[in-house]
Amino acid sequence: MDIEEFFNHNKQIKHNALSKTIPDEFLLWENSPEVCRSFFNWIRQDSDTGSLKLDITSDISEVVAELSRAEFLAIPHRTDNSQGWRSIVLHGLCSIMTEAPYNYVNLGIVDNTAKETWTDASKFFPKTVAWIKENIPFKQFSRIRVMVLDPGGYIMPHQDIQRSFLGGGLNVAFTNPPGTEFAVEDNGLIPWEPGDIRMINIGKLHSVRNLGNQPRIHMLVYPPLMEEWTLESMQLVCRSYIKMKGNEND
Ligand SMILES: [Fe+2]
């Protein structure tokens, strides 16, 4: 897939143009945890949404300052299909293991009892860690990574899984400088604003590039398991979807 072609195609499309109307069976989701869970699962698996902005607002100014002065510490990540993409692991196996744990288990570097914890690097980012604990709606974490995309950098169009799915984790924009673009297959460009926390459809082809002259600083946060989505955080997702769809079902 040619990256230029991918962006040119998606630039013609309104973001989330294909995301579905809420089926009637979910309209009373607030009355029942079971219906809320079904609605949540439908949003993730069946709604064909490119990205969903969560209804969370926070002050990111101190985090942006903390990350901006230390982003040079980030190390290269997944250089086989990207350029200028770098990472600092704040929570995971250790600060230099930027990939999912099974990769290191498969290589025989760690065994599968290895635990993910706050890394040595995390202690240099106290404002960021405090922000995560206050604003990210997970009780526990697997990997949390600061992701830097340098000027001129890009991530080639790819799918992380083979079916439509709003990803296991959350993507947070701390900066999104002019010239940075994130396209999702047939879903246009994501209208990122600094401070946005989004679920991304990682089952559709997606690609990021930085045509500007400042580094783009985002963060990826994953819960350990699907089960770690509490009722409260599933409710947040349902509420956020309704907000996105406006009053279509009224
Ligand atoms: Fe991805």
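Q: Before we get to helix 5, what makes a residue buried or exposed here?
A: A residue is buried if 20 or more other C-beta atoms lie within 10 Å of its own, exposed if 12 or fewer, and partly exposed in between. Note that this is a predicted model.

Q: OK. Which residues of helix 5 are buried?
A: Helix 5 covers residues 126–135, and T128, W131 and I132 are buried in it.

Q: Why are they on the same side of helix 5?
A: Because they cover an arc of only 100 degrees around the axis.

Q: And which exposed residues are on the face turned away from that buried side?
A: That face of helix 5 carries P126, A130, K133 and E134.

Q: What do the buried residues of helix 5 pack against?
A: Their packing partners are helix 3 (61–70), strand 3, strand 5 and strand 10.

Q: Strand 5, then. How many bridges join strand 3 to strand 5?
A: Eight, with strand 3 (residues 82–92) and strand 5 (residues 144–158) running antiparallel. Within this pairing, Q83 stands opposite Y154 of strand 5.

Q: In what sense do strand 5 and strand 10 pair, and over how many bridges?
A: Antiparallel, over six bridges; strand 10 is residues 216–221. One position to look at is L149, which has R216 of strand 10 opposite.

Q: Same two questions for strand 9.
A: Strand 9 (residues 206–210) pairs with strand 5 in the antiparallel sense, over three bridges. There, H158 stands opposite H206.

Q: Changing topic: where is R239 found?
A: In helix 6, which spans residues 231–245.

Q: Why is R239 classed as partly exposed?
A: R239 has 14 other C-beta atoms within 10 Å, so it counts as partly exposed. That class sits between the 12-or-fewer limit for exposed and the 20-or-more limit for buried.

Q: How far is R239 from F40?
A: Their C-alpha atoms are separated by 9.8 Å, and the two residues are 199 residues apart along the chain.

Q: What about S233, where does that lie?
A: S233 lies in helix 6. S233 is partly exposed because 18 other C-beta atoms are within 10 Å.

Q: Which residues does S233 touch, leaving out those up to four places away in sequence?
A: S233 touches P137 and F138.

Q: And what separates S233 and F165?
A: The C-alpha atoms are 17 Å apart, with the two positions 68 residues apart in chain numbering terms, that is, S233 and F165 are 68 residues apart along the chain.

Technical notes: Residues are numbered from 1 along each chain as its sequence is written. This is a predicted model: local features need pLDDT of at least 70, side-chain atom pairs count only at pLDDT 80 or more; totals for chains, interfaces and linings use all residues. Two strands pair if DSSP finds at least two bridges between them. Helices (H or I, at least four residues) and strands (E, at least two) are DSSP runs, numbered from the N terminus. The arc is that of the directions from the helix axis to the C-beta atoms. Two residues are in contact if their C-beta atoms, placed from the backbone, lie within 7 Å.
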